[in-house]
Amino acid sequence: MAEIHLVGTAHVSQKSIEDVRSAIEGFEPDIVGVELDRGRYVALTEEIAEPSIADILKGGNFGRLLVQWVLTYIQQRIGAETGVKPGAEMLVAIEEAEKHQKPVAFIDRDIRITLGRFWGRMGIWEKIKLIGALIYSLVSVEGQDLDVDELTNQDVVSAAMEEFRKFSPHGAQALIDERDAYLAHQILMLGNRYDRVLAVVGAGHIQGVQRYLNAPETLPPLPSLTADVKGLPWGKIIGAAVTIIFLLLIAAIAFSGVGLEVLIAALVYWILINGVLSAAFTLLAGGHPFSAATAFAVSWLTSLNPLLAAGWFAAIVEAKIRKPTTGELRQIIEAETFSEMRRIPLFRVVLVAALANVGSSLGTVAYFVFIFPVLGIDPTVVITEGFSNMIRMIAGFF
């Protein structure tokens, strides 16, 4: 059996850097495993080619992209306060291992898989709460005194993990539990090849990884930790449901006998409520008036088509006007304030895309909630009479 030693770290802590150095000196491992995947290691150490704005727009998942950027920003801000670059302790572990002529293994799951499963596992309500918490964090992280070294204290870490689990149980499963298992798998595989294994992991993973190391038979199969999350396509399902409900509503109004004026008003309000809210949220994101006008013009239609989104069209116009350039992704990651981040054209384009979609979605909800009071008609009468007349007309053809 290999001798395995775990070192728990905080990713922006000077003490963690010192702990890593001391562990390598004292334990004298045959190999050092670090909680990085190769992609993140390259991102920390090399200049990498940035995706084009066209690639970003094609990706379409603007909410997940914003969450990723904001999380990176918050970590960068904490790192700036402590004078330690995020991930520095992992780089120190690699440097120390190389100095002692020891091999290094990247033992974390690919960040793209983790983020995909993290976002895919969360329900709509969890995502809303997460975005709200991130907005709060953007405000509170400025000027806040943090004892970062306390983040390696297991009592503090355990309490934080439990709070996150209550806040987002499905997110915690992908971000914490699955990675505990994946890290344990990788460490055990190293233990089959080497006698002394040192693994440098975030303090939040220590208890979970150790639990699996103590009972390897409880580990889930490795392929189950890397497969795509294949849930129901709720976005398309909800979009199709909205289309069907809207068409049935318009049909009920048309056949209920309340008059052509009411039917036209129902259609006009659909255009106005969707368009105004989508345009307002585009302006809230700092979008250009032309982008807001685009969101207004297309929102009524995109709300009826689950394959289209108002944010895509608004973002295309915003990109034409703001003209994002190469290097702006790095600027977003290195921004010192959220205001500075918002001034970067690429961030503005993605923010416009995300908020235009939020406005359009809120417009759809608002329409179904307020349309009958606005029109001044009784929904029970309209729906009952409308469908009865429709059924009688259909029956008349047979």
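What share of the contacts in the protein with a separation of 6 or more is accounted for by residues 24 or more positions apart? The figure is 83%. Please keep in mind throughout that this is a predicted model.

Some overall numbers to begin. The protein has 398 residues, and 41% of them count as buried. There are 18 helices and 4 strands. The accessible surface comes to about 20,400 Å², and carbon and sulfur atoms hold 62% of that.

I will start with the strands. Strand 2 covers residues 31-34, and both of its faces are covered. On one side are Ile 31 and Gly 33, on the other Val 32 and Val 34, and all of these are buried. In a regular strand the side chains alternate between the two faces of the sheet. Strand 2 has two partners to mention. Strand 4, residues 196-202, runs parallel to strand 2 and is joined to it by 4 bridges. In that pairing, Val 34 stands opposite Val 200. Strand 3 also pairs with strand 2 in the parallel sense, over 3 bridges. There, Gly 33 of strand 2 has Ala 105 of strand 3 opposite.

One charge contact belongs here as well. The charged end of Arg 196 sits over the ring of Phe 27, at 4.2 Å from the ring centre.

Now the cores. In soluble globular proteins, nonpolar side chains tend to be buried together. The largest nonpolar core in this model has 22 residues. Which of them touch the most other members? They are Leu 66, Trp 69, Ile 332 and Phe 347. The elements that give two or more residues to this core are helix 4 (62-82), helix 14 (310-322), helix 15 (328-334) and helix 17. Helix 17 gives the most, with 9 residues.

Phe 347 is a useful residue to click on. Setting aside its neighbours within four places in sequence, Phe 347 is in contact with Leu 66, Trp 69 and Ile 332, and also with Phe 338, Met 341 and Arg 342. A second core, separate from this one, has 19 residues, and Ile 31, Tyr 182, Val 209 and Tyr 212 are among them. Ile 31 has come up already, as one of the buried residues of strand 2.

Next, the aromatic rings. The count comes to 6 aromatic pairs. One of them is Phe 246 with Tyr 367, a tilted pair at 6.0 Å centre to centre with 55 degrees between the planes. Phe 246 is in helix 11 (residues 234-256) and Tyr 367 is in helix 17 (residues 345-375), so this pair ties together parts that are 121 residues apart in sequence. Both Phe 246 and Tyr 367 are buried.

Tyr 367 also pairs with Phe 368. Their ring centres are 5.7 Å apart and the planes stand at 80 degrees, so this pair is edge-to-face. Are these two residues buried or exposed? Tyr 367 has a relative accessible area of 0%, so it is buried. Phe 368 counts as partly exposed because its relative accessibility is 26%, and the buried class ends at 20%. Together with Trp 270, the residues Phe 246, Tyr 367 and Phe 368 form one aromatic cluster.

Last, some loop residues. Most residues other than glycine have a negative phi. Which residues here have a positive phi although they are not glycine? Gln 101 is one of them, with a phi of about 60 degrees. Gln 101 lies in the loop between helix 5 (88-99) and strand 3 (104-106). With a relative accessible area of 72%, Gln 101 is exposed.

Lys 323 is another, and its positive phi is about 55 degrees. Lys 323 is in the loop between helix 14 and helix 15. Its relative accessibility is 56%, so Lys 323 counts as exposed.

Thr 326 is also in the loop between helix 14 and helix 15. Thr 326 is exposed too, at 76% relative accessible area. How far apart in space are Thr 326 and Leu 346? The distance is 9.5 Å from C-alpha to C-alpha, with their positions 20 residues apart in sequence.

To close, back to helix 17. Helix 17 gives 9 residues to the largest core, and Tyr 367 of helix 17 pairs with Phe 246 of helix 11. That is all I have.

Technical notes. Residues numbered from 1 in each chain as written. Predicted model: local features only at pLDDT ≥ 70, side-chain atom pairs only at ≥ 80, totals over all residues. Heavy atoms only, no water. Phe/Tyr/Trp six-rings, centres within 6.5 Å; stacked < 30°, edge-to-face > 60°. Buried < 20%, exposed > 50% of the residue type's maximum accessible area, 1.4 Å probe, protein only. Lys NZ or Arg CZ within 6 Å of the ring centre and 35° of its normal. Core = buried A, V, L, I, M, F, W, Y, C linked by side-chain atoms within 4.5 Å. Contact = heavy atoms within 4.5 Å. Areas by Shrake-Rupley, 256 points an atom, 1.4 Å probe, with all protein chains shown as cover. Pairing = 2+ DSSP bridges.
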